[in-house]
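Dear colleague,

I am passing on the structure we spoke about, together with some notes on what turned up when it was examined. Please have it open beside you as you read.

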Amino acid sequence: MARYATEFTGAFFLVLTIGLVTVQGVVPAPLAIGAALMVLVYMGGHISGAHYNPAISVAIMVRGKLDRRELVPYAMAQVAGAALAALAVAGLTGRFLVVAPASGTSAIVALLAELLYTFALALVILNVATSPRTEGNSYYGLAIGFTVMAGAFAVGGISGGVFNPAVGTGPILVALADGGSLGALWIYWVGPLAGALLAVPVYRLQHRTTGESGRG
């Protein structure tokens, strides 16, 4: 239960930060988002692994560092935390967090942006948080937070810079109460899941000659 509570809490404060800085027009928002993720990773890494992201949970499961039976409970906790945070944003600001590609951006372009930067995020996490060669390092949270920050700067104006199905799902579901649409939801599942899954064989290839199988 502690792991699920940690995943819920981490996803909640990640989306709360994203929502508050976004709807208030805080500049530059990616700095706050990356910093929030960094500290939340340090908060929960030793308890749940600090995924806060169903795509990352899938990658870590395929990597062999998460029991298959834990995947659905992890994802449920992450999405629930994200949805509650989106409600909190609406309550605090009177505005709904809108998660969608930029106007004029095609679905394929947004999908590719989400895939590429989730791939980068998953590959960083696999290397800094699951590899025996980096075990016990003190920089894993910084690396993860900076990856999301860089991605948000790079493609936030294209796809929304989500890289996380929970971050996409919670706010989109809550925004239905304000006339929102489910139209873009698939982008924030297909793109991140595909990117995260692609990161696993690349991780294994990186470690093929180091004596690490990438499976244990």
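Against which helices do the buried residues of α7 pack? Before the answer, please keep in mind that this is a predicted model, and that every value below was computed from it.

**Helix α7**

The buried residues of α7 pack against α1, α3, α4 and α8, the last of these spanning residues 187-206. Helix α7 itself covers residues 165-175, and because ten of its eleven residues are buried, the helix is largely enclosed by the rest of the structure. The buried positions are P165, A166, V167, G168, T169, G170, P171, I172, V174 and A175.

**Helices α3 and α5**

Two packed helices are described by the angle between their axes and the distance between those axes. For helix α3, residues 54-63, and helix α5, residues 107-129, the axes come within 10 Å and cross at roughly 50°, which makes α3 oblique to α5. The crossing of these two helices is right-handed. On the α3 side the contact is made by A55, I56, A59, I60 and R63, while α5 contributes T118, L121, A122, I125 and L126. Sorted by class, the residues in this contact of α3 with α5 are eight nonpolar, one polar and one charged. As general background for reading such lists, an α-helix has 3.6 residues a turn, so residues three or four places apart point the same way.

**Salt bridges**

Side chains of opposite charge can pair when their charged atoms come close. A search of the whole structure finds two salt bridges.

In one of them, the side chains of R3 and E70 meet at 2.6 Å, taken from N to O. Since R3 lies in helix α1 (residues 2-23) and E70 in helix α4 (residues 68-93), the pair ties together parts that are 67 residues apart in sequence. As for their surroundings, R3 is partly exposed, with a relative accessible area of 33%, whereas E70 counts as buried because its relative accessibility is 10%, and the cut-off for buried is under 20%.

The other salt bridge joins the side chains of R69 and D67, with an N to O distance of 2.9 Å. Here R69 counts as exposed, at 69% relative accessibility, and D67 counts as partly exposed, at 34%.

With best wishes

Terms used: Residues are numbered from 1 along each chain as its sequence is written. This is a predicted model: local features need pLDDT of at least 70, side-chain atom pairs count only at pLDDT 80 or more; totals for chains, interfaces and linings use all residues. Side-chain values use heavy atoms; hydrogens and water are left out. Axes are lines fitted to C-alpha atoms, for helices over the stretch in contact, and angles run from 0 to 180 degrees between N-to-C directions. Helices (H or I, at least four residues) and strands (E, at least two) are DSSP runs, numbered from the N terminus. Angles under 35 degrees count as roughly parallel, over 145 as roughly antiparallel, 65 to 115 as roughly perpendicular and the rest as oblique. A crossing is left-handed if the near helix is turned anticlockwise from the far one by less than a right angle, and right-handed if clockwise. Contact means heavy atoms within 4.5 Å. Ala, Val, Leu, Ile, Met, Phe, Trp, Tyr, Cys and Pro count as nonpolar, Asp, Glu, Lys and Arg as charged, and the others, Gly among them, as polar. A salt bridge is a side-chain nitrogen of Lys or Arg within 4 Å of a carboxyl oxygen of Asp or Glu. Buried means under 20% relative accessible area, exposed over 50%, partly exposed in between (1.4 Å probe, protein chains only).
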